[in-house]
Amino acid sequence: SLITSIKDLSEFSRVPKMDFKINYLQGEIDDLCPPIEITNGIFNMADIKESASFDFRDFKFTLADNPVALDLYYSFSNRIDSLALSTQLKSFNLGENIYLNSLSFLNDSTQLTLDKDFRSQIVWRNDSSAKTMDLLIESDDLSFKTDTVLFSCKEGKFNARDIKNLQTGSFPLSTMDAKAEFDCKEIYCPVYIDKNITYLINIEKGALALKSKYRTIAFKDMDLAINGRPFDSIPQFSFSYELKDVEVNELFPSTQKEKIIHGGIDFNLNIEFKGMDTETILSSLDGDITLNGDSLTLEGIDLDKLIGKFERSQNFNLVDLGAVMIAGPVGILYSKGSSYAMLLVTDKSDSSLINQVHSKWNINKGNFLIDDFALATDENRVAIKGWIDLQSDSLDLNMALIDANGCSIVSQSLKGEV
């Protein structure tokens, strides 16, 4: 059905005011998305004071069996164009439903998913020699996952200002300038998990500089910085992450319901890499990791009792002890994490006090080399040397009990696949 503001053709303006009521409409946009079935919607056109507008309200449609509710408003003039979009989605896979060259990296093994409410607004300024744009994006639940990586963000808000110097071609953002802020209630990725954080972003000629600005008391002594060129044909990143006196369970995401280690640690991570696929990232992964802590409590395990048993009967495996302590640093960049440590829990009433732990790793092309690793309890000291190669899923480790002079009392080695 159609409702218009004009009574006869003499009143016809450039874009007359018209209201369209849509009850059912089926269509397809070539090279953009699968066929669409629209079951409800109101479309309004208007031309007011040298500004034209298109208003899509209460649109409900199905896209590749995904229900979508959408409101969209677009206005344009000689000075400013603006586009506002608001949608309600349910586990909407962007890679499956939108055909864009910029999303070509989303193949069968990857998913970029939006859930619940998603809102965006774009403003173009046309009245200056330097064309600029503002962008606002809000999402209730966004996630990106592959076979080995999961990134998710809940209640995220991205606000970018003065976006300019975009170019035509395959990589239009590689010359971009912009300033932005990103707020997130909860964020998760293999490197870390976090809550209630604001990121300050500056982009100059396609080069990204990101810093964190925390609102959470638990992470008041935290410093995060990301630099790189994410919009080039081969993205490049450098990542710096430093925490002081943070609860170890807050630092290392874990799928285990029961946390077996507690206490405060200092943590420093510096890495750099390039590429989009896992093989390229690991082959270029360089950096270092340092972890220091004292007065840590290990639940379910009495290390001194187990080590005493080893010295008496050789039944306890020092490699198992090494797995507990190594799982943390490697687990932050790898998916096998703290499940190793759960294998050692022998009695939930047992516990160990680790007076001190020091761990320093160097990373070269995906190979994690243990430069220094030692821990001390009331009765024992353990040192670890060796490497873990994430490219080949292989390792070569040597664990030793050491005396007060730093000499090895007894040692064991482990070689093979992770």
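Is D55 buried or exposed at 15% relative accessibility? In this predicted model, D55 counts as buried, because its relative accessibility of 15% falls under the 20% cut-off. The side chain of D55 meets that of R57 in a salt bridge, with an N to O distance of 3.1 Å. R57, in turn, is partly exposed, at a relative accessible area of 32%. The D55–R57 pair thus joins a buried acidic residue to a partly exposed basic one.

The protein chain comprises six helices and 23 strands. Of its 418 residues, 38% count as buried. The accessible surface amounts to about 23,100 Å², and carbon and sulfur atoms account for 52% of that area. Among contacts between residues at least 6 apart in sequence, 47% join residues at least 24 apart.

Confidence varies along the chain. The average pLDDT is 76, and 72% of the residues score at least 70. Among the elements, strand β17 (residues 264-274) has the highest mean pLDDT, 90, whereas helix α6 (residues 339-342) has the lowest, 45. Two stretches with pLDDT below 50 may be noted: residues 8-12, which have three contacts in the model beyond near neighbours in sequence, and residues 327-344, for which the corresponding number is 48.

Nonpolar packing was examined next. In soluble globular proteins, nonpolar side chains tend to be buried together. The largest nonpolar core of the model contains 56 residues, and Y241 and F368 have the most contacts inside it. Strand β11 (residues 177-188) is the element that gives the most to this core, contributing five residues. Another core, of 15 residues, lies apart from it and includes I22, I36, F59 and F118.

F118, a member of the 15-residue core, is also one of the residues touched by S139. S139 lies in strand β9 (residues 132-145) and has a relative accessible area of 7%; it is therefore buried, the cut-off being under 20%. Beyond residues up to four places away in sequence, S139 touches L114, D117, F118, K154, E155 and G156.

The structure holds nine salt bridges. Side chains of opposite charge can pair when their charged atoms come close. One such pair is R119 and E138, whose closest N and O atoms are 3.5 Å apart. R119 belongs to strand β8 (residues 111-125) and E138 to strand β9, so that this pair, 19 residues apart, links distant parts of the chain. R119 is partly exposed, with a relative accessible area of 26%, and E138 is likewise partly exposed, with a value of 23%. Both residues take part in a network of salt bridges that also includes D117 and D140. D117 is, in addition, among the contacts of S139.

A further salt bridge is formed by K185 and E155, with the closest N and O atoms 3.6 Å apart. The partners are 30 residues apart: K185 lies in strand β11 and E155 in strand β10 (residues 150-164). K185 counts as partly exposed at 44% relative accessibility, and E155 is partly exposed at 46%. E155 is also one of the residues touched by S139, while strand β11, which carries K185, is the strand that gives the most to the largest nonpolar core.

Conventions: Residues are numbered from 1 along each chain as its sequence is written. This is a predicted model: local features need pLDDT of at least 70, side-chain atom pairs count only at pLDDT 80 or more; totals for chains, interfaces and linings use all residues. Side-chain values use heavy atoms; hydrogens and water are left out. Helices (H or I, at least four residues) and strands (E, at least two) are DSSP runs, numbered from the N terminus. Buried means under 20% relative accessible area, exposed over 50%, partly exposed in between (1.4 Å probe, protein chains only). Contact means heavy atoms within 4.5 Å. Accessible areas come from the Shrake-Rupley method with a 1.4 Å probe; for residues, only the protein chains shown count as cover. A nonpolar core is a set of buried Ala, Val, Leu, Ile, Met, Phe, Trp, Tyr and Cys residues joined through side-chain atoms within 4.5 Å. pLDDT is the predictor's confidence in each residue, from 0 to 100. A salt bridge is a side-chain nitrogen of Lys or Arg within 4 Å of a carboxyl oxygen of Asp or Glu.
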